[in-house]
Structures are given as structure tokens and as C-alpha cells.
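Reader: I'm new to this one, so could you show it to me and walk me through it?

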Amino acid sequence: MKTTLTLILFLGLFALAPNRALAQTIGDAFIVNAAPQGGYTQSVLNIVLTDTVNVSSIVVKVGSLDGGQDLFSYTFTFDQSSGFPTGVGYSRSGFKVSCPLGNLVETAVYFTEITTINSSGVSSAAFKFVSN
């Protein structure tokens, strides 16, 4: 009986403890779109990380439908400074990351999903938002 009670208490504490195996989470994110020209808009993704410890990469997907990546898909190596596709970039100041995404096809709504990957290869929960 005492062993069962101890096991239940241990499992309860384990369930309430934060999961340290996940990658760092994203506190906020938004896209700024320039005025469309010729069916395309220059877009910049801004991300605020809750922490930068052990962040290895940031995965960005932008689609015209929820869960899609038909407009943009790229995995940024954390603090990458070169080797981007045309129009794509990356800069960071503290917890704030700015990523020009190049020219996205103009659409009424943009569905964006961002995840971070830690140095052990574990993904954070997806941060999703809709913008126009």
C-alpha cells in the first residue's frame, strides 16, 4: 500500500513538472507584408523566442491553407548568416528573430506555422497564426 501511494505521488509530481525535453517555445510571431505588386508581396517574419538556449534551427511554413506550405517552407539554421535562397534572410537580436521570406504570392490569408528544433533534434510545439 505504501509503495502504491509513493508511486502515485511520484507519477503525479512527474506529470506536473515542466517537460525539459522540448525545444524552446515561441512567445510571439507575426508577418509584415509590403503592398502587393504584380501578384506578389515582400514579406518579413518576426519571431520572439522565449529563450535561445539549445535552439538549433527554426522551421517556417507558410501556406494559403491551414497546414499548408505552398507559399514558403524553409528550415533556418539558428544564427545562419549566408546561403539563403533569393530574397530570404535571417537576423537576430537577443530573443527577436527577423526573417525576410522573399516575395510571396499574394493571397487573402496566410497560414503560418513555426517550430524550433533543439540541439537534440526535439521539436517545440508548433506556433500557428493566420494573417492577411
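Reader: How many helices and strands are in the chain?

Author: This is a predicted model, where local features need pLDDT of at least 70, side-chain atom pairs count only at pLDDT 80 or more, and totals for chains, interfaces and linings use all residues. Residues are numbered from 1 along each chain as its sequence is written, and side-chain values use heavy atoms, leaving out hydrogens and water. Helices (H or I, at least four residues) and strands (E, at least two) are DSSP runs, numbered from the N terminus. Going from that end, the order is α-β-β-β-β-β-β-β-β, so the tally per the DSSP definition is one helix and eight strands.

Reader: Which strands stand at the edges of the open four-stranded sheet?

Author: Two strands pair if DSSP finds at least two bridges between them. Here the sheet's order is β1-β2-β6-β5, with antiparallel pairing. Each edge strand has a single partner, so one side is left without a neighbour in the sheet; those strands are β1 (26–33) and β5 (91–93).

Reader: How many bridges join β1 to β2?

Author: These two strands run antiparallel. Ala 29, for one, stands opposite Ile 47 in β2. The number of bridges joining β1 to β2 is seven.

Reader: Is Thr 41 buried or exposed?

Author: Thr 41 sits in strand β2 (residues 40–49). Buried means under 20% relative accessible area, exposed over 50%, and partly exposed in between, using a 1.4 Å probe and protein chains only. Thr 41 comes out at 2% relative accessibility, so the verdict is buried.
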